[in-house]
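Work through the exercises below with the model open beside you. Try each task before you read its solution.

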Amino acid sequence: MAAKWQDVKVGDVLPTWEHPAVTRTDLVKYAGASGDYNPMHHDETLATKVGLPSVFAHGMYSMGLLSNVLVAFGGPASVERFDVQFRAITWPDDKVTCTGKVTGRREEGGKKLVDLELQCETKPGTKSIIGSATLALG
Amino acid sequence: MAENPNQALVGKEGPPSTVHVDKSRIRQFARAVGLTDPAYFDEAEAKKRGYPSLIAPPTLPIALGQDAEPGGGGGPQVKWDVRKLLHEGTEIIYDRPIFAGDVLTMRGQLKSIGTREGKNGVRTIYTMESAFYDQQGKRVCALLLRTSEGQ
């Protein structure tokens with residue numbers, strides 16, 4: 001069930017969403033779904049030829065994983081705004097931990113809004129994404 | 001600093017495109033980012049929630065460019081060195097949710113050019129916008145991609 005606006009408080013921590021280990025298959029699936037066929041995300045031969053240890057994840061794949069936190073908290077139709085900055089690369093076998101926290105609660109234009117602070121971590125202390133979002137709740 | 005020749009492209013749009021949002025793309029994309037809510041997969045369940053059909057995952061707009069008409073929906077061709085680019089970030093703004101069955105007009109433009117201090121000097125940040133409009137011309141969603149060029 002989606003959170004109710006009246007029950008939300010600033011400082012509330014959202015349920016964590018985790019992907020236990022990114023696989024190369026995940027990246028191929030995301031390439032097909034998004035249409036982003038940059039070979040650095042699926043072609044190991046090319047990636048190692050340019051000096052990378054392996055292929056790496058699309059930034060937008062991580063943003064997609066992070067969207068699970070929003071949908072689980074506010075429901076699929078709640079997203080008003082979702083903004084991320086990419087801070088570190090996500091590699092195959094990384095565990096992606098997506099978290100969020102309520103930073104604001106307000107009414108605007110007849111909408112009951114909550115503001116969130118978001119992040120993805122790939123290792124303790126390594127933030128691959130920091131971001132923010134605004135959700136409209138019922 | 002020398003004038004950036006791309007400055008003349010700010011505010012310029014590429015040719016627009018019609019984009020049909022379909023159920024297959026929504027299901028495929030939802031699966032690829034690990035979403036499991038039935039509203040992304042099961043139309044009967046989506047309708048029970050009051051949606052007209054399957055709802056689009058929050059980051060689906062990034063994928064809609066591939067469903068545009070050939071040559072349409074993109075922004076102007078920015079002159080940059082692809083080897084020096086970094087994807088800095090993305091912002092998605094919704095005026096309303098997107099649903100399967102929506103027929104949208106996609107318009108791409110170079111929204112702005114800025115700079116930031118990087119580890120190895122100043123990076124130029126290009127913000128490209130893809131905006132999606134309904135058949136009445138009302139904006140539904142805007143996708144802003146920030147790409148930087150530097151050393």
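**Exercise 1: Charges across the interface**

How many salt bridges does the rule find across the interface of chain B and chain A? Then locate one of them.

Solution. Note that this is a predicted model.
- Step 1. The rule finds 2 salt bridges across the interface of chain B and chain A.
- Step 2. Take the pair Asp83(A) and Arg146(B), which form a salt bridge. Their closest N and O atoms are 3.1 Å apart.
- Step 3. Check the cut-off: a salt bridge needs a side-chain nitrogen of Lys or Arg within 4 Å of a carboxyl oxygen of Asp or Glu. The 3.1 Å of Asp83(A) and Arg146(B) meets it.

**Exercise 2: The side of chain B that touches chain A**

Which elements of chain B give two or more residues to the side that touches chain A? Describe that side.

Solution.
- Step 1. Across the interface, 10 residue pairs are in polar contact, both residues being at pLDDT 80 or more.
- Step 2. The elements are helix 1 (23-32) and strand 2 (85-94) of chain B.
- Step 3. Strand 2 of chain B gives the most, with 8 residues.
- Step 4. Sort the residues of this side by type: 15 are nonpolar, 7 polar and 7 charged.
- Step 5. Now count the contacts: 29 residues of chain B touch 25 residues of chain A.
- Step 6. Add the area: about 2300 Å² is buried between the two chains, and carbon and sulfur atoms give 59% of it.

**Exercise 3: Where the chains pair**

How many bridges join strand 2 of chain A to strand 2 of chain B?

Solution.
- Step 1. Find strand 2 of chain A at residues 79-86.
- Step 2. This strand is joined to strand 2 of chain B by 5 bridges, and the two run antiparallel.
- Step 3. Look at Asp83(A) again: opposite this residue stands Glu91(B), in strand 2 of chain B.

**Exercise 4: The sheet**

What is the strand order of the open sheet, and which strands are at its edges?

Solution.
- Step 1. Read the 10 strands in order: 1(A)-3(A)-4(A)-5(A)-2(A)-2(B)-5(B)-4(B)-3(B)-1(B). The pairing is antiparallel.
- Step 2. The edges are strand 1 (17-19) of chain A and strand 1 (17-20) of chain B. Each pairs on one side only.
- Step 3. From one strand to the next, the twist averages 25°.
- Step 4. Inspect the chain B edge: 4 bridges join strand 1 to strand 3 (residues 103-118), and these strands run antiparallel. Here His20(B) has Val103(B) as its bridge partner.
- Step 5. Add helix 3 (residues 59-74) of chain A, which packs on the sheet. Among the strands it touches is strand 2 of chain B. The helix direction makes about 40° with that of strand 5 of chain A.

Note on methods. Residues numbered from 1 in each chain as written. Chains lettered and ligands numbered in written order. Predicted model: local features only at pLDDT ≥ 70, side-chain atom pairs only at ≥ 80, totals over all residues. Heavy atoms only, no water. Contact = heavy atoms within 4.5 Å. Buried area = accessible area lost by both parts, 1.4 Å probe. Polar contact = N/O pair within 3.5 Å; in protein donor to acceptor, adjacent residues only side chain to side chain. Nonpolar A, V, L, I, M, F, W, Y, C, P; charged D, E, K, R; others polar. Pairing = 2+ DSSP bridges. Axes fitted to C-alpha atoms, helices over the stretch in contact; angles between N-to-C directions.
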